[in-house]
Amino acid sequence: MLQAVADTPPGFVPSPATVPPGSAPSGVLVLLYGHEGEPWVVLTRRAWHLRHHAGEVSFPGGRREPGDADLWATALREATEEIGLDPGNVSRIGRLDSFVTVGSRSLVCPFVATVEQRPELVPDPVEVDQVLHVRLAELTDPEAWREEVWSLDAAFGGERTMTFFELPGDTVWGATAAVLRRLLSITVMGATAG
């Protein structure tokens with residue numbers, strides 16, 4: 001499904017020089033599966049009572065904890081906690097480019113993985129309001145996405161292109177939209193080349 005996604009060796013942990021001061025790296029899981037002849041991706045809507053990013057659409061994931069062997073382990077642990085994903089059913093494909101978020105300035109490392117069929121997932125209400133199953137084709141619809149150029153401080157080059165995806169009842173933006181944009185650029189290029 002995503003042959004163009006390069007993988008990293010197990011045990012991937014960014015060097016301290018790549019992690020912004022005062023922040024820890026995070027691992028997020030970009031979970032794909034085939035259903036009804038099309039590729040789908042799993043997203044979550046964060047719980048509304050959370051202090052940060054309440055109600056926003058995101059990937060399962062979070063900050064690395066001391067017991068995590070690497071950031072892949074972080075992404076799997078967080079997906080298990082947040083949406084009840086069985087890690088034994090997950091096949092790792094690779095890792096998308098890491099990047100630093102604008103708001104929290106944390107380093108996000110997205111890992112791409114697949115499951116054989118549409119997974120039965122149960123959101124943990126402490127962290128997740130709803131699990132969202134989204135067709136990739138829905139995200140590539142020209143009516144569903146847009147880009148804006150935002151002025152940022154010099155640490156981020158002064159300007160950054162921000163992507164937005166409009167889903168029924170949700171606007172996906174920020175780090176989640178950046179990861180989706182990268183994922184879609186790879187899958188679309190791969191489909192064109194194939």
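# A tour of the predicted model

Start with the largest nonpolar core, a set of 24 residues. Select Val-41, Leu-43, Phe-59, Leu-139 and Leu-180, the members with the most contacts inside this core. Then colour the elements that each supply at least two of its residues: the strands β1 (26–35), β2 (38–46), β7 (107–114), β8 (128–135) and β10 (159–167), together with the helices α2 (136–140) and α3 (174–193). Of these, α3 gives the most to the core, with 6 residues. The coordinates come from a predicted model, and confidence is taken up at the last stop.

**Val-41**

Keep Val-41 selected and show what surrounds it. Which residues does Val-41 contact, leaving aside neighbours within four places in sequence? They are Val-30, Leu-31, Leu-32, Phe-59, Leu-132, His-133, Val-134, Leu-136, Leu-139 and Leu-180. Among these partners, Phe-59, Leu-139 and Leu-180 were already picked out above for their contacts inside the core.

**The other core**

Apart from the largest core lies another one, of 20 residues. To find it, select Leu-71, Ala-79, Leu-85 and Val-90, which are among its members.

**Glu-78**

Next go to helix α1, residues 71–83, and select Glu-78. Is Glu-78 buried or exposed? Its relative accessibility is 7%, under the 20% cut-off, so Glu-78 counts as buried. Display the side chain of Arg-77 as well: a polar contact of 3.2 Å joins it to the side chain of Glu-78. Beyond neighbours within four places in sequence, Glu-78 is in contact with Gly-61, Gly-62, Arg-63 and Glu-127.

**The three-stranded sheet**

Now select β9, β10 and β11, which form an open sheet in that order, with antiparallel pairing. At the edges are β9 (145–151) and β11 (170–172), each pairing on one side only. From one strand to the next, the twist averages 30°. Zoom in on β9 and β10, where the antiparallel pairing runs over 7 bridges. For one position across strands, pick Glu-148, which stands opposite Met-162 in β10. The strand β10 also appears in the first stop, as one of the elements supplying at least two residues of the largest core.

**Confidence**

Finally, colour the chain by pLDDT. The average is 82, and 75% of the residues score at least 70. Select residues 189–194, where the pLDDT is below 50. How many contacts does this stretch have in the model, beyond near neighbours in sequence? The count is 0.

Methods. Residues are numbered from 1 along each chain as its sequence is written. This is a predicted model: local features need pLDDT of at least 70, side-chain atom pairs count only at pLDDT 80 or more; totals for chains, interfaces and linings use all residues. Side-chain values use heavy atoms; hydrogens and water are left out. A nonpolar core is a set of buried Ala, Val, Leu, Ile, Met, Phe, Trp, Tyr and Cys residues joined through side-chain atoms within 4.5 Å. Buried means under 20% relative accessible area, exposed over 50%, partly exposed in between (1.4 Å probe, protein chains only). Helices (H or I, at least four residues) and strands (E, at least two) are DSSP runs, numbered from the N terminus. Contact means heavy atoms within 4.5 Å. pLDDT is the predictor's confidence in each residue, from 0 to 100. Two strands pair if DSSP finds at least two bridges between them. Axes are lines fitted to C-alpha atoms, for helices over the stretch in contact, and angles run from 0 to 180 degrees between N-to-C directions. A polar contact is a pair of N or O atoms within 3.5 Å; within protein, one must be able to donate a hydrogen and the other to accept it, and residues adjacent in sequence count only if both atoms are side-chain atoms.
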